[in-house]
Amino acid sequence: MDPKLPDDQLKRLQEQRHEKRIVRKIVMYVGIAIIAIALIGSISSYFYISNALKSVDPDNKKAVKIELPIGSNIDTISQTLEDKGVIRNAKIFKYYTKFKNASGFQAGTYQIPPSMTIDDIIKSLKTGKVYRKADLQITIPEGLTLDQIGNIIAKNTDYTSKEFMKLVTNEKFIKEMKAKYPETVTKDINGKDIRYKLEGYLYPSTYDFFTKKPTLEEIVEKMIAQTDAIVRSYEPQLKELGMTPHEFLTFASLLEREATAQTDRETIASVFNNRIEQGMPLQTDPTVLYALGEHKDRVLYKDLEVKNPYNTYLNKGLPPGPIANAGRASLDATVDPAKTKYLYFVADKDGNNHFAETYSEHQNNVAKYIKSQK
């Protein structure tokens with residue numbers, strides 16, 4: 001500050017300097033405010049978008065039917081999903097699909113629950129089927145008996161094998177299944193010699209459950225429902241063959257336990273048919289094991305004499321009911337067997353089957369593939 005300046009100039013200079021300080025403070029405060037607003041805006045935008053990408057209701061697994069017509073674009077699809085309540089925000093969904101470079105959505109009818117994540121919805125729309133990660137998955141292999149299925153249920157759930165067997169032999173439950181699936185679960189399961197009425201009626205497959213603890217009734221019924229769907233798909237062939245669903249499942253179960261390869265199933269089916277036509281007993285070892293109620297590596301001659309309705313060495317025709325749960329290959333072979341004149345077959349130590357038309361040929365096969373290998 002120059003002390004030689006006149007008082008009026010000095011005062012003006014002081015005022016100018018004061019104004020500059022105020023302006024600088026204002027600029028600083030405005031700058032801070034702008035940065036703060038921008039930061040708050042960014043944070044708000046982040047949480048807004050992040051929230052919009054979350055599932056609508058993680059606990060609501062009730063599926064919502066959604067129709068996506070042919071020709072639907074991403075705008076229509078996004079808005080439909082929001083209107084149906086399975087996504088939170090149509091615009092965010094649209095931009096997210098572009099960010100993920102997701103395209104090729106399939107038209108069709110979808111069953112999508114509000115609990116499904118955005119990424120899973122996108123996968124579903126791209127594949128044309130609902131993509132959901134199951135809370136529980138149970139795989140039932142082909143050829144198992146009810147007892148063995150019970151063990152698998154016990155390993156995968158909190159239910160015991162005893163609880164499982166109690167349910168599948170419960171008359172009230174069986175009656176309910178007959179009422180729900182009358183075309184498949186027929187009165188034939190009431191035969192007096194049948195060990196378990198639902199033996200062979202729990203289709204071998206992988207089952208997904210979208211709740212952590214489905215009831216035991218839900219688990220079993222899902223398997224029976226699948227059997228019903230599968231059996232009914234064969235209705236034209238069964239009608240042509242004059243075969244009932246019970247006979248169909250019984251015959252297929254024998255193939256499931258005997259065969260070691262797809263071609264064997266068709267050929268073994270021809271052997272069984274040829275034997276039935278000639279009034280010969282089927283003489284299949286798996287029925288003896290089922291009659292004994294135990295697994296054995298070798299069936300002994302004394303085992304063949306067990307007096308039991310399931311023993312096809314002593315009883316002609318099919319056993320009273322299925323001895324296991326048959327898969328698709330055995331079901332196919334049952335309705336479309338090979339055309340042969342074979343009446344006999346024997347499996348060697350490697351599981352390969354050798355077929356014969358006459359008993360003498362069969363004896364030669366036994367000598368060559370069984371006795372010579374001992």
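What follows looks at helix α7 and its neighbours α6 and α8 in a predicted model.

First, the overall picture. The protein is built from 14 helices and six strands. Of its 374 residues, 39% are buried. Taking contacts between residues at least 6 apart in sequence, 61% turn out to join residues at least 24 apart.

Now to α7, which runs over residues 171-180 and has F173, I174 and M177 as its buried residues. These three end up on the same side of α7 because the arc they cover around the axis is only 100 degrees. Turn to the face pointing away from that buried side, and the exposed residues K172, K175 and A179 show up. K172 also figures at the start of the helix: its backbone nitrogen has a side-chain oxygen of N170 within 2.9 Å.

What do the buried residues of α7 pack against? Two helices share the job, namely α6 (161-168) and α8 (216-232). This pair also meets directly, with E163, F164, L167 and V168 on the α6 side and L216, E217 and V220 on the α8 side.

As for how the two helices are arranged, the axes of α6 and α8 come within 11 Å, with a crossing angle of roughly 60 degrees. Oblique is therefore the label for α6 relative to α8, since roughly perpendicular would start at 65 degrees. The crossing of α6 past α8 is right-handed. Put together, α7 sets its buried residues against α6 and α8, while α6 and α8 make contacts of their own through residues including F164 and V220.

Terms used:
Residues are numbered from 1 along each chain as its sequence is written. This is a predicted model: local features need pLDDT of at least 70, side-chain atom pairs count only at pLDDT 80 or more; totals for chains, interfaces and linings use all residues. Side-chain values use heavy atoms; hydrogens and water are left out. Buried means under 20% relative accessible area, exposed over 50%, partly exposed in between (1.4 Å probe, protein chains only). Helices (H or I, at least four residues) and strands (E, at least two) are DSSP runs, numbered from the N terminus. The arc is that of the directions from the helix axis to the C-beta atoms. Contact means heavy atoms within 4.5 Å. A polar contact is a pair of N or O atoms within 3.5 Å; within protein, one must be able to donate a hydrogen and the other to accept it, and residues adjacent in sequence count only if both atoms are side-chain atoms. Axes are lines fitted to C-alpha atoms, for helices over the stretch in contact, and angles run from 0 to 180 degrees between N-to-C directions. Angles under 35 degrees count as roughly parallel, over 145 as roughly antiparallel, 65 to 115 as roughly perpendicular and the rest as oblique. A crossing is left-handed if the near helix is turned anticlockwise from the far one by less than a right angle, and right-handed if clockwise.
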